[in-house]
Amino acid sequence: MTATTLRAGRVHRRQRNALLIAGLCVALLGVVAVTLMVGNTFYSPDEVLRVLLGEQVPGASFTVGELRLPRVVLGMLAGLAFGMAGITFQTMLRNPLASPDIIGISTGASAAAVVGIVVLSLDETAVSFLALAGALVTATAIYGLSWRRGFAGARLILIGIGVAAMLHSVVSYVLTRAAAWDIQAALQWLAGSLNGASWERVAPLALATLVLAPLLVSRRRDLDALRLGDDAAAALGVRLRPTRLLLILAAVALIAFATAAAGPIAFVAFMAGPIAARITASGASLLVPAALVGALLVVAGDLVGQFALGTRYPVGVVTGLIGAPYLVYLLVRSNRSGASL
Amino acid sequence: MTLTHQLVADEITLAYGDRLVVDELALEVAPGRITAIVGANGCGKSTLLRALARLLSPKSGQVVLDGVELNSRPTKEVARLIGLLPQSPIAPEGIVVADLVGRGRHPHQGLFARWSRADDEAVAAALDATGIADLADRSVDELSGGQRQRVWIAMALAQQTDILLLDEPTTFLDVAHQIEVLDLLADLNRARGTTIVMVLHDLNLASRYADEIVAVCRGRVHALGEPGVVVTAELVSEVFGLDSEVIADPLTGKPLVLPRGRHHVS
C-alpha cells in the first residue's frame, strides 16, 4: 500500500463530498428563489433580482423585500441552526434520538414562551427572550440531573425525554387556563411558524449563527473523534470535559436562538443529521451537510405548507408530518435489532 | 523509535465514585517489552489500564510518564506517546477502513491543519503492518470480527506511539484470529520496540506472548515477572480461586495452565 494510492482514495471521497455540499447549496438556492417569486402575486426572476440588488420595483419591493425575503432568510437560518445543533448532539451522544427537540430543550423554550404569551401577556420580543432563557435553563437542568459520578449519554437522553414530557404537560395546563385570543397566539408559536417574520426577528438569530456555526465547524475533528466512543476519543487526545461543554453550550444556544425566532419547528433538528449521514461519503464531517439539509427542510417545508396543501399551514406541521413517521421507524428498527441505536 | 518511554504507576488508588477498585498499586511498565495484565473479573485490570492511559485520574498517587505526571501534560502530547485500544470502540456507520484508520492521526493534526503527506504515509504503513491494505476502501460494517479488530489496531498504529495499551484485544475473536492479533503485536514489538501493555483473559496466551506478567488481585499487584516464574498452580489458585496443574507447553516451554474443574478429571 502506498501513500499515493491512499491519497487518491481520500481525495476522491473528499471531492464527492464537496460535490454533495455544492448540490445541497444549489437546491437550497433554488427553493429560496421559488419562494421569493411565488405568492399571491407572482414576480419574475428579473423583478426579484432587481429587488435583491436594491432597486425600487413598484409592488415587488415591499412584497419581496419586506415580506418574503425576511421570511425565507429566517427559515434558512433557523433550519441551519436546528440542523447543526441536532447533529452535534446526535454525534456527541452517539444516538439519533439525542436531538435537542427530543430531549426537552426545545420543549423548555416552548413552555417558557407559552407562559410568556398566556400568563404574562408579553410582547413578541420579550417572548423570544423568555424562550431563549427557557431552553438554556432546561439544558442546564437536564445536564445537571444526568450528572452522577460522571457523564453518561444514555442517562441524559432518558432524563431529557422525561423532562420533555413534564414540560409538555406544563404547556397543556397553561393552555387550558388561557383566554381564547391568547390560545391562538400560543398555538401559532408552538407549531413553529415563519409567519410575521421581520428583520428585527432575524437579527439576533443571524448574529448567533454567525458566531456559533464557525465555532462548531472549527471543532469538527473533535466531534469526529467522539463518534468512536469517549475512551477512544480521549486516547486520541480530545479533552473530553471542556470539549463536551463547549459543544453543548454552542448547540443549545443555536437551538435556543432559532426556537426563539421561529418556534420549535418540529423534528428538523432530529431529521437533518441522519439524512445528511445517509448522503455523505464516509469519514466526512456531517456538520455542514446537516446544516444545509436543515435549511432545505425548513424552507421547502414552508413553501409546501403555504401553497401546496389548499389551506396555509405553518412549516412545523409539514416537518412534523415527515418527522413523526421517521421517529417511529427509528424506534421500530432499534427494537427489532434489540440493540441500541 | 530508539527512545524508550518510562510509564510508571506510583501508588495509585482508583475508584468509581465511592467504590474502590485499585488500592495503592505500584507498577513500572517494562519499556520495549510486552506486558500482560491478568486477573479475575472485576479485579481492576481494565481500570488500571484506563489509568495508565490517563482516562481515569487516580484518587491518590500518580501515573508518571518520563518523570512527569501524566495529567499535567497536554493531552494531545500524551496521545502522540501513548495509544489505547479500548474494549469496545464504536465504528461510525458507513465509514471506510482508510478513513477510520486515519482517525488515528488526530493527535498529529492541528485545529486547521490540512492532511499531510506524513499522515498518508502513517496510515499506509499501519494498513500494511496489519495486513488490511486490500480492505482500505471497504466499509467497516462489512468486515468480520477479526478484520475489524485489525482495523482498530491499525488506527492505534497510525497514531505512531511508542507505548500501546490494549484492553482485551482478543475478545470476541475465534482462536485463529486471537493468535493472528497477538502475532501482529509481537511483530510490532520486535520491529519497532513498541512497548505493549495488554489486558488478557487467557492465561496461556498471556504466558506465551508476554515478556512480563502482572497478576492483579483485589486491586493490587499480586505477582509480577516473567511468565515462567510467575505463572504457577499457586498463583492460579490465589488469583482465580481455581485448582489447576501447570505444565511446560510442549511447543514453547512456557507455562501451560490445565484447569482441574470437577468433571472429566481422573
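# Reading a predicted two-chain model

Modeller: Let me begin with residues 337-341 of chain A, where pLDDT stays under 50 and for which the model has seven contacts beyond four places in sequence; please keep in mind that this is a predicted model throughout.

Colleague: What makes you leave residues 337-341 of chain A out of any local description?

Modeller: A local feature needs a pLDDT of at least 70 here, and residues 337-341 of chain A, with pLDDT under 50, do not reach that cut-off, so they are left out of local features. Chain A as a whole has a mean pLDDT of 87, with 96% of its residues at 70 or more.

Colleague: How many of the residues of chain B score at least 70, and what does the chain average?

Modeller: For chain B the average pLDDT is 90, and 98% of the residues score at least 70. The model itself has an ipTM of 0.88 and a pTM of 0.87.

Colleague: Why is chain A called as compact as a globular protein of its length?

Modeller: Chain A contains 14 helices and zero strands, and along the sequence its pattern is α-α-α-α-α-α-α-α-α-α-α-α-α-α. Its radius of gyration is 21 Å, whereas the globule rule gives 20 Å for 341 residues, and because these two values are close, chain A is as compact as a globular protein of that length. Along the principal axes, the C-alpha atoms of chain A fill a box of roughly 65 × 55 × 35 Å.

Colleague: What do you set the radius of gyration of chain B against?

Modeller: For 266 residues a compact globule would have a radius of gyration near 18 Å, and chain B, at 19 Å, agrees with that. The box filled by the C-alpha atoms of chain B, again along the principal axes, is roughly 65 × 40 × 35 Å, and chain B has nine helices and 12 strands.

Colleague: What share of chain A counts as buried, and what share of chain B?

Modeller: A residue is called buried if 20 or more other C-beta atoms lie within 10 Å of its own; by that test 49% of the 341 residues of chain A count as buried, and 45% of the 266 residues of chain B do. Among contacts between residues at least 6 apart in sequence, 76% in chain A join residues at least 24 apart, and in chain B the corresponding share is 65%.

Colleague: Why are E2 and E5 of chain B called edge strands?

Modeller: The open sheet has four strands in the order E2-E1-E4-E5 (chain B), with antiparallel pairing, and E2 and strand E5 (68-69) of chain B are its edge strands, since each pairs on one side only.

Colleague: How do you know that E1(B) pairs with E4(B) and with E2(B)?

Modeller: Two strands pair if there are at least two bridges between them. Strand E1 (residues 7-16) of chain B has five bridges to strand E4 (residues 60-65) of chain B, in the antiparallel sense, and six to strand E2 (residues 19-28) of chain B, also antiparallel; both counts therefore satisfy the cut-off. In the first pairing Leu7(B) stands opposite Leu65(B), while in the second Ile12(B) stands opposite Leu25(B) and Tyr16(B) opposite Arg19(B).

Colleague: What lies between E1(B) and E2(B) in the hairpin?

Modeller: Two residues lie between the strands, and Gly17(B) in the turn has a positive phi of about 65°.

Colleague: Which parts of chain B are assigned to domain 1 and domain 2?

Modeller: Domain 1 of chain B comprises 1-81 + 166-177 + 186-227, and domain 2 comprises 85-160; their centres, taken over C-alpha atoms, are separated by 23 Å. Where they meet, 12 residues of domain 1 of chain B are in contact with 11 residues of domain 2 of chain B. On the domain 1 side, H2, strand E7 (163-167) and helix H6 (175-192) of chain B each supply at least two residues, and by class that side has six nonpolar, two polar and four charged residues.

Colleague: How many residues of chain B are in contact with chain A?

Modeller: There are 37 such residues of chain B, in contact with 26 residues of chain A. Helix H2 (75-79), strand E6 (82-85), helix H3 (97-102) and helix H4 (117-129) of chain B each supply at least two residues of that side, and H4(B) gives the most, with seven residues. By class, the side of chain B that touches chain A has 20 nonpolar, eight polar and nine charged residues.

How values were computed. Residues are numbered from 1 along each chain as its sequence is written. Chains are lettered from A and ligands numbered from 1 in the order in which they are written. This is a predicted model: local features need pLDDT of at least 70, side-chain atom pairs count only at pLDDT 80 or more; totals for chains, interfaces and linings use all residues. Two residues are in contact if their C-beta atoms, placed from the backbone, lie within 7 Å. Ala, Val, Leu, Ile, Met, Phe, Trp, Tyr, Cys and Pro count as nonpolar, Asp, Glu, Lys and Arg as charged, and the others, Gly among them, as polar. pLDDT is the predictor's confidence in each residue, from 0 to 100. Domain bounds come from an automatic or database domain assignment. The radius of gyration is taken over C-alpha atoms; the globule rule is 2.2 Å times the number of residues to the power 0.38. A residue is buried if 20 or more other C-beta atoms lie within 10 Å of its own, exposed if 12 or fewer, and partly exposed in between; C-beta atoms are placed from the backbone.
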